Amino acid sequence: MHRIARRYWLRVRVLYSIDPATEEELGTVPEMGLEETQAAISAAGKAFKVWGKTTAKYRHDILKDLYALMQEHHDDLGKIITLENGKTLAEGKVDNSLPAVLATLVAEEAVRTYGEHIPSPFPSVRNIVIKQPVGRSILTPWNFPSAMITRKLGAALAAGCTAIIKPSPETPFSALAIAELARRAGVPDGVINVVTTQKNVEAVGRELCQNKMVKKVSFTGSTPVAKLLYGLASSTLKKVSIEAGGNAPFIVFDDADIEKAVEGAIACKFRGSGQTCVCANRIYVQSSVYADFASKLSEKVAAFRVGNGLDEATTHGPLIHEKAIDKVKRHIDDAVSRGAQVLVGGQRVPGAGSFFSPTILSDVPLDAAINTEETFGPVAALIKFETEEEVITLANDTDVGLAGYFFSRDVGRVWRVAEALEVGMVGTNTGLISHATIPFGGVKESGLGREGSHGIEEYLNQKLIAFGGV
């Protein structure tokens, strides 16, 4: 597992990891490339011959040990997330709780990969379906560096697959920490391989998607990159699961509990300073409660304290890098140029670090860029609507469909809107939908497949065995 990293440490250039709160160097990891990726694939292939034949109970026990180790090192893992991602320490620890729970969840799923008997129309034939591990390859993002890896890696290990993990260059240490804890839990060498790179991302991604030894690709990231990788993986018809971008609608109806709606908007819009794939990107508020909602939300957001995540007084940390700052500013400037008003924030925080003031925009026009592009930053765009039919049309007017939210106390409306929203996950009267036990994923251009409680199926193939001459 670590053999590959050690072998090439002195041979390759070094990738520097930067703390987004201070812009200071956190540490270095190897800048790997095509050769190292091929070595990782080879190591995973050799290990698969043994790991893929281990019993489900054996893998279950190792994953339970991994869970225990993640709990034991809970504070350290949370601090790593805060240092390399910028989240507050409290949020970093919460983000570590999810992957720890995922590890124990998939451990239990490992021993439940049941087969099936299918009655045959012929009296002398018995049809049995078994499930077998598919293979290896994982590419992950930076915004949930521990949870996104464990969602994929836990299910892969439980199914009997080996893995090559390509973590984001912004957050490599969380991946390496999980790999080390997996080693301590008893995962054999070669089962988990971590390839770190920034300059060679294209070559590494291409090799992972096109190498014939790799049988499965799992990716979390933007929709454009997802499409590119999907196309590359199609060259060998690999099994693919993708969790791509979102553009989540958040709807507040006139019969909603406005206080609860404000709490929900804060929870799903400003978590991680707005850098989550399920963040509310477009906030639609019915006209009769628009002013009340905007006022209450502005009051809460104005009280946020932006700063270094290690400071206990901080409520919201920095954005991940300068490109993120630029996109947030572009969306705000575009909306304002089209008639939107800035109620709170709207400016970069002076000084070191990639900090941006949590922002609320009112009267955002429908042709603003923020309505068609995922912002991935702390900007709440408020849009007024009149009728249920109108807002459902607006909410679904996008090519992606990961998550959606709405607040209403009308039971009939709750069912109608939940069924009408073209997304993979709906939060009704809640702004928090992501946890270990749900099937996490989207529809349309937000991806393929599911992770979490149903995720192990993405790493298994079904095989029919027809017994004749019975």
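The residues lining the second largest pocket divide into six nonpolar, five polar and three charged. Start the tour there, bearing in mind that the model is predicted.

**Stop 1: the second largest pocket**

Select Gly-52, Thr-54, Arg-59, Lys-131 and Pro-133. Of the 14 residues lining the second largest pocket, these lie nearest its centre. The space in this pocket comes to about 150 Å³.

Next, colour helix H3 (56-72), strand E4 (126-133) and helix H6 (147-159), each of which supplies at least two residues of the lining. Which element gives the most to the lining? Strand E4 does, with three residues.

**Stop 2: the largest nonpolar core**

Keep H3 and H6 on display, since both return here. Select Leu-153, Leu-157 and Ile-192, which touch the most other members of the largest nonpolar core, a set of 38 residues. The elements giving two or more residues to this core are helix H2 (34-51), H3, helix H5 (89-110), H6, strand E6 (163-166), helix H7 (172-185) and strand E7 (192-194). Show them together as ribbons, with the three named side chains as sticks.

A second core, separate from this one, holds 35 residues, including Phe-250, Cys-277, Val-285 and Ala-403. Keep Cys-277 selected for the next two stops.

**Stop 3: the largest cavity**

Rolling a probe the size of a water molecule over the atoms shows where empty space is left. Over the whole structure, a search finds six cavities of 30 Å³ or more. The largest cavity has a volume of about 80 Å³.

To find the largest cavity, select its lining: Leu-98, Phe-144, Met-148, Arg-151, Glu-243, Arg-271, Thr-276, Cys-277, Val-278, Ser-434 and Phe-440. By class, this lining holds six nonpolar, two polar and three charged residues. Cys-277, a member of the second core, is thus met again in the cavity wall.

**Stop 4: the cysteines**

How many disulfides does the structure hold? The count is zero. A disulfide is a covalent bond between the sulfur atoms of two cysteines, and the cut-off applied here is a sulfur pair within 2.5 Å.

Draw a distance from the sulfur of Cys-277 to that of Cys-279, its closest cysteine sulfur: at 8.2 Å the separation is too far for a bond. Cys-277 counts as buried, at 10% relative accessibility.

Now move to Cys-209. The closest cysteine sulfur to its own is that of Cys-161, 16 Å away, so the pair is too far apart for a bond. Cys-209 is buried as well, with a relative accessible area of 0%.

**Stop 5: the six-stranded sheet**

Strands of a sheet pair through backbone hydrogen bonds, either parallel or antiparallel. Display the open sheet of six strands, whose order is E7-E6-E5-E8-E9-E20 and whose pairing is mixed. Which strands form the edges? They are E7 and strand E20 (447-448), each pairing on one side only. E7 and E6 were already on display as contributors to the largest core.

At the E20 end, zoom in on strand E9 (residues 239-243), which is joined to E20 by two bridges and runs antiparallel to it. Here Glu-243 stands opposite Gly-447 in E20. Glu-243 is also one of the residues lining the largest cavity.

**Stop 6: strand E14 and its partners**

Select strand E14 (residues 379-385). Is this strand enclosed or exposed? It is largely enclosed by the rest of the structure, because six of its seven residues are buried.

E14 pairs with strand E11 (residues 280-286) in the parallel sense over four bridges, and in this pairing Tyr-284 stands opposite Ile-383. E14 also pairs with strand E13 (residues 359-362), again in the parallel sense, over three bridges. There Thr-359 faces Val-379 as its opposite residue in E14.

**Stop 7: two residues with positive phi**

From E13, step into the loop that leads to E14 and select Asp-363. Its phi is near 55 degrees, a positive value in a residue other than glycine. With 40% relative accessibility, Asp-363 counts as partly exposed.

Finish at Asn-429, in the loop between strand E17 (425-428) and strand E18 (439-440). Asn-429 also has a positive phi without being glycine, with a value near 60 degrees. Its relative accessibility of 39% makes Asn-429 partly exposed.

How values were computed. Residues numbered from 1 in each chain as written. Predicted model: local features only at pLDDT ≥ 70, side-chain atom pairs only at ≥ 80, totals over all residues. Heavy atoms only, no water. Buried < 20%, exposed > 50% of the residue type's maximum accessible area, 1.4 Å probe, protein only. 1 Å grid on protein atoms, 1.4 Å probe; cavity = no way out; pocket = protein on both sides within 12 Å on 5 of 7 lines; lining within 4 Å. Points joined across faces, edges and corners; volume = space filled by probe spheres on them. Nonpolar A, V, L, I, M, F, W, Y, C, P; charged D, E, K, R; others polar. Pairing = 2+ DSSP bridges. Core = buried A, V, L, I, M, F, W, Y, C linked by side-chain atoms within 4.5 Å.
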